[in-house]
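Subject: Structure handover

Hi,

Here is the structure I promised to pass on to you. Have a look at it first, and then read my notes underneath.

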Amino acid sequence: MENKKLFTIVVPMYNVECFLKDCLNSLVNQSSKNFCAILIDDGSTDKTKEIALSYVEQYPNIFKYIYQKNKGLGGARNTGIDNIDTKYSIFLDSDDFIAVRTIEYLEELISKQEEEPDIILTGPTIYNSINKTYWPFYDNFEVNRIFANKDFTNVSINPEILSLEASFWRCIWRTEFLKANNVRFMEHVAWEDVPVHFVLFHEAKRIIKLTDKLTFFYRINTGGQITAGTGKSRLDMPIVFKQIVDIMKQQKWPMVERAHVINILQKFVKWTMEVISDEYRKEFVESAHILYKSLSKKEYKAYKKYIHTSFKLRMMFKLFRSNSKHKILADRSKTIRFEKRYEKLKRKAKTAAKKIKHLFRK
Amino acid sequence: MPKHYSINYLSYHSEIKKAVFCIGHIDTYHILHDILSNTNFKEVYVLVHDELASATFSSIGKHQIIGIDYDRLMGLDLSAEDTSVICLDLIDPTFYKELSTKKIHEIILDFNWLGIESFEIWEQLRKSADHILIAKLKSQSDYKVLDWHKSESDIELSLIFPVYNVGKYIQECIDSVTAWDAPYVEFLFVNDGSPDNSEQIIAEASKKDNRIKLLNKANGGCASARQFGLERAKGKYVGFVDPDDFVDETMFKKLFTAALEHSSDIAYCGYNEFYNDTKKYKPVKDLIFAPYFNGTEIRNQIDQLIPFMRIGIWRCIFSKELLDRNNIGFYTDLRRFDDLPFKVITLLKARHVVSVPEYLYYYRLDRAGQDIKADDEKLYVHFDIFKHLDSWFENNCSDKQLDYYHIIKLDTHLWALSKIQKRLYKDYASKAKADLLTLCDKNRLILATKTYNSRKKVKQLKKILSAK
């Protein structure tokens, strides 16, 4: 069963005819050929199939094509995991691409390690397809800080590693490690990689990084993402987080780690409240309220203690937990009014503080 | 993380096999090291200034470097598909002048400061290069990128003039517009069956300037003339100028520069109201400053322009690709205000917008027969306009966009109600009420007005909503 090659790149595809060529070209032209790629067609209805098959025909020793009925990104990744037979696995989204020497540098990095790493964190680059600019990924700075003066790390050394962006595609995983933890994504759900991300980072013994080289490119502003982000897919978020909250309670994770999970939950919820459309707002708030209710007071205290948060975020936490007051958030006009009142109070408090300072100076 | 722009671009464009580096400053050599350790070229040439440098950089990583001098560079074949010329911090203008005599497939210019005029370099190279990419550092790791591909037509900017009975003013307009002597601009004068001497003036002007083209058509209104011109425009950008107005001589150069340097969908500037009787003008307050003059792709900032930017498509240029991609044109059944739907739709679909923070367009007022003076049934055209626009906003738009759309709807109807004759007031108000409630309900309308507009407007809105 063991493949001679070192990496398998899983590329889930769903209606990506305009981006797929960039992605596959970046694989074809890699400087090292020590990898194979599995293209998983998640029931596309456009030209994705034809493009993918033309590549398979041209490079049969790199690509393998699998067609399945539409199961969502999670379902496609599950199929990918079942078919991996190499030591390491990479999950590349089909609208992203990788730099020419990514595989070469990963090979080099792994050969230098004394022990096999469970996870390799990379520092992706964001590609803005509108104004054609590049940015370092949102948390690259954080990753570099965590790994300062260290060869490897894990949650017991650096619990804040759980607060990194929950993105499955930016890591390279040891296949045995994935299979030992029975990784399964939820099907037909958005944000399906969030619980898996937390569980794997919690279990990993050895996490290393590759951030000084260009590796993954993450494309933003492709169109379509914007409207998809405000609608129904947002409702999946409480479902997804419910899963991870249950797991961390069952397995009795240390409080620090729970605090970091709550931190990410708070970030996601705050972001959602800013963009969600009125149609789904009420439903989202209700399910988020139930989720927040399942968090204990102890966990809130840990969140307050370990995470540097703002007053606004802490207030949001309390509002969501409250039986009656979370209804304010369900109504956009009430929220706006509430925020205005809060701003006014804040301003008053500020001027009062100034006056007191002034008095003390006298 | 790597700081130069070109390193990101080159690291995944694996079709480039032959790279020719031209380096402007000895301090920039370390960037070459960064680039070559992230890329995989077959041949690497570096233009070196002295022998010392060529000895130091004989190889980096697994790349063998061939040091070449200026004469050998001019002898190289740069037009092959797998070849790319990369200039790092090279600001010598004479170099680009000489390079423009050669055929180049792709040229990438990477500057770590803003001071360079990328537009001038583009003008020099546009004849010889197929693909030009110029990146300038704006702030820390944020770049301003000019990304230009050669197309079949040589024309970059088409300006369209719907001409109808403007014989008195058209000469002034032609003079001000043609003052910019760029060869890649075309001026399309669409004569909408005008009975006066406008046609002769244009015909005469086109003899002196071959960029001016005269198109004749039967009378069909301003919208149909603009649409007629739009269908025949060859440029990558299009602009619409009213021939009874005039512009600052630098206006279209500045707009085009801004649009090109940001790869923008829409570029616009401010405008002045010009009073014909007194010959005085005054700038009109508008949203042309921060954050728009730096270019923005943030959805909310672009959407804000939908209600709060003053109408006037004559001070904008639009990328033809935006119009083609979304199938945007003029509604020829509208006899007036055809620029309102065009502005709203283009802003709704635009992905990047940039402004030039100057007042460069002169809008002539106090002239008989101007549209603004309408106060009778002509104002009912608004209902047709919004009927067209509703189809764009029905699905596939966010909540905020819908709110902004209703603000402009309300503003337009309130403006019409303030102008309209008393006998039509009640009828218009009841129609306006029905129109406002087609896409959203009462509460949301009030909330949107409260959030983004003044309390006074809420009162007026409630007055309309109480109409029968």
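Below is what I found, beginning with chain B and then moving to chain A.

One thing to keep in mind from the start: this is a predicted model.

**Chain B overall**

Chain B has 468 residues, and 42% of them count as buried. Its secondary structure comes to 18 helices and 17 strands. If you want a feel for the dimensions, the C-alpha trace spans about 90 × 55 × 35 Å along its principal axes. I also looked at how far apart in sequence the contacting residues of chain B are: taking contacts between residues at least 6 apart, 77% join residues at least 24 apart.

**The sheet in chain B**

Chain B contains an open sheet of eight strands with mixed pairing. Reading across it, the order is β3-β4-β2-β1-β5-β6-β7-β8. At the edges sit β3 (59–60) and β8 (142–149) of chain B, each of which pairs on one side only.

If you zoom in on the β3 edge, you will find β3(B) paired with β4(B), residues 63–68, in the antiparallel sense. Two bridges make up that pairing. In one of the bridges, I60(B) has H63(B) of β4(B) as its partner.

**The domains of chain A**

Chain A is divided into domain 1, covering 7–222, and domain 2, covering 232–330. The centres of these two domains of chain A, taken over C-alpha atoms, are 28 Å apart. Where they touch, 16 residues of domain 1 of chain A are in contact with 16 residues of domain 2 of chain A. What is the domain 1 side of chain A made of, by class, where it touches domain 2 of chain A? That side has 12 nonpolar, two polar and two charged residues.

**A helix pair in chain A**

The last item is a pair of packed helices in chain A: α9 (residues 236–250) and α10 (residues 255–275). Their axes are 11 Å apart and make an angle of about 170°. Because angles over 145 degrees count as roughly antiparallel, α9(A) is roughly antiparallel to α10(A).

To see the contact for yourself, select these residues:

- from α9(A): M237(A), F241(A), I244(A) and M248(A)
- from α10(A): R258(A), V261(A), L265(A), F268(A) and T272(A)

By class, this contact of α9(A) with α10(A) has seven nonpolar, one polar and one charged residues.

Happy browsing, and best wishes!

Notes. Residues are numbered from 1 along each chain as its sequence is written. Chains are lettered from A and ligands numbered from 1 in the order in which they are written. This is a predicted model: local features need pLDDT of at least 70, side-chain atom pairs count only at pLDDT 80 or more; totals for chains, interfaces and linings use all residues. Two strands pair if DSSP finds at least two bridges between them. Helices (H or I, at least four residues) and strands (E, at least two) are DSSP runs, numbered from the N terminus. Domain bounds come from an automatic or database domain assignment. Two residues are in contact if their C-beta atoms, placed from the backbone, lie within 7 Å. Ala, Val, Leu, Ile, Met, Phe, Trp, Tyr, Cys and Pro count as nonpolar, Asp, Glu, Lys and Arg as charged, and the others, Gly among them, as polar. Axes are lines fitted to C-alpha atoms, for helices over the stretch in contact, and angles run from 0 to 180 degrees between N-to-C directions. Angles under 35 degrees count as roughly parallel, over 145 as roughly antiparallel, 65 to 115 as roughly perpendicular and the rest as oblique. A residue is buried if 20 or more other C-beta atoms lie within 10 Å of its own, exposed if 12 or fewer, and partly exposed in between; C-beta atoms are placed from the backbone.
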